[in-house]
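Biologist: Could you take a close look at the packing around one spot in this model for me? I would like one connected account that starts from that spot and then works outward to the whole chain.

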Amino acid sequence: MSLPDAIAAILLLGITLYAIFGGADFGAGLWDLVAGGPERGERPRALIERSLGPVWEANHVWLIFILVVSWTAFGPAFSAVFTTLWIPLAAAALGVVLRGSGFAFRKGAQHLRTRQAAGAAFAGSSLLTPFFLGTAVGGIAAGRVPASGSGDPVTSWLNLTSITVGVLLVMSCSYLAAVLLTVDARRAGLAELERYFRVRALGAAVLTGAVSIAGLFVLHDNASYIYDGLTGDQLPFVIASVVFGALALGLLARGAAWGVRVAAAGAVTAIVWGWGLAQHPYILPKSLTISQAAGAHDSLVAVVVVFVAAVIIVLPALGLLYTLAQRGTVRE
């Protein structure tokens, strides 16, 4: 494996972790959005707040990681993406800010209207942010981002492929979050909320599967390079995603807690890596290869050194945070 390919694998790892942790975070906001009025939605929202409170900021560390690695190691690709897809990426960035501020201010607000406004910002942004991120990914996958960065700022993301990927990302986030909230409710001994989120997890899984199947037809017609990769050499990843998803569904239906989160995360991981490897050796399909976009050798070496240091220093700290949060030892 070449050094640029190794950096691309590190970048894909960051995308995977953000898809899992950030995705579950966004999905929790989606369930907050549809929980109902103040009375009906009080208990689900309380569980969401308790689950997210200690870790919601840490969940988005991976977004910063992705951005830093991208602009340091693959500057030309970073420039092309942000000059072409600036509209959905700006909308997603605004959503991240509004979502975080809404979640933080909702707890401390003294007046009902202020709490409702903050809650609406948190929940609404939880829907719009993953959608816009998905449209950007769809634009890249469909080859609508040229290496020159001169792609159309509207049609590059406002097209069937991008919209399909955006919807798929929203559904995947809702599925992940419902699975994790089901497990959290069971751990807390909240049987009613466990059933509440289990039903929603099963429903979200079915809808996610339906959108995924539809997405294959869309890729066939609009992103043939990615489609050929997913149905060719990377087909095992697609199969693995289906198997993990089915396993998670079976465990949920049986009311099992052990292994559900691992299976759900495995389904997401498999499809992310299948997509990433399907477009290899391109970082921008049919426009810019990984080697062409790679920065100076010394910069790439620095990225690897910092990544190793982060694995040694940062990952154990994050692991401890998530462990303590799951045990209920820490609160926001």
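Modeller: Happy to; let me begin with a term, since contact here means heavy atoms within 4.5 Å. The model is predicted, so local features need pLDDT of at least 70 and side-chain atom pairs count only at pLDDT 80 or more, while totals for chains, interfaces and linings use all residues. Residues are numbered from 1 along each chain as its sequence is written, and side-chain values use heavy atoms, with hydrogens and water left out.

The spot I have picked is Leu-85. Leaving out residues up to four places away in sequence, Leu-85 touches Ala-136, Ile-140, Val-145, Ser-156 and Trp-157. Leu-85 sits in the loop between H5 and H6; helices (H or I, at least four residues) and strands (E, at least two) are DSSP runs, numbered from the N terminus. With a relative accessible area of 0%, Leu-85 is buried. On that scale, buried means under 20% relative accessible area, exposed over 50% and partly exposed in between, using a 1.4 Å probe and protein chains only. For a sense of distance, Leu-85 and Asp-233 are 148 residues apart in sequence and 29 Å apart in space, C-alpha to C-alpha.

Now the helices on either side of that loop. Phe-82 belongs to helix H5 (residues 75-84), and at a relative accessible area of 34% Phe-82 is partly exposed. Not counting residues up to four places away in sequence, Phe-82 touches Leu-67 and Leu-89. Ala-136, one of the residues that Leu-85 touches, has its C-alpha atom 9.6 Å from that of Phe-82, although 54 residues separate them along the chain. On the other side, Arg-99 lies in helix H6 (residues 86-108). Here is one to pause on: Arg-99 is buried, at 3% relative accessible area. Beyond four places in sequence, Arg-99 touches a list of residues including Asp-25, Phe-26, His-60, Phe-122 and Ser-126.

Stepping outward, Leu-85 is also part of the core. The largest nonpolar core holds 41 residues, and Ile-7, Phe-74, Leu-85, Ile-283 and Leu-284 have the most contacts inside it. Helix H1 (residues 3-33) supplies the largest share of this core, with 8 residues. A second, separate core has 36 residues, including Ala-35, Leu-181, Ala-204 and Ala-205. For the record, a nonpolar core is a set of buried Ala, Val, Leu, Ile, Met, Phe, Trp, Tyr and Cys residues joined through side-chain atoms within 4.5 Å.

Follow Ile-7 and you meet other parts of the chain. Setting aside neighbours within four places in sequence, Ile-7 is in contact with Val-69, Ala-73, Phe-74, Leu-300, Val-303 and Val-304. Ala-73 and Leu-300 turn up again with Gly-295, which touches them when residues up to four places away are not counted. Gly-295 lies in the loop between helix H13 (290-293) and helix H14 (297-326) and counts as partly exposed at 30% relative accessibility.

Two backbone details deserve a check. Most residues other than glycine have a negative phi, and most peptide bonds are trans. The peptide bond from His-280 to Pro-281 is cis, with omega near 10°, and Pro-281 is in the loop between helix H12 (260-278) and strand E1 (282-284). Lys-286, not a glycine, has a positive phi of about 65°; Lys-286 lies in the loop between E1 and strand E2 (288-289) and is exposed, at 59% relative accessible area.

Finally, the whole chain. There are 14 helices and 2 strands. The radius of gyration is 20 Å, close to the 20 Å that the globule rule gives for 332 residues, so the chain is as compact as a globular protein of that length. That radius is taken over C-alpha atoms, and the rule is 2.2 Å times the number of residues to the power 0.38. Along the principal axes, the C-alpha atoms fill a box of roughly 55 × 40 × 35 Å. Buried residues make up 46% of the 332. Among contacts between residues at least 6 apart in sequence, 80% join residues at least 24 apart.
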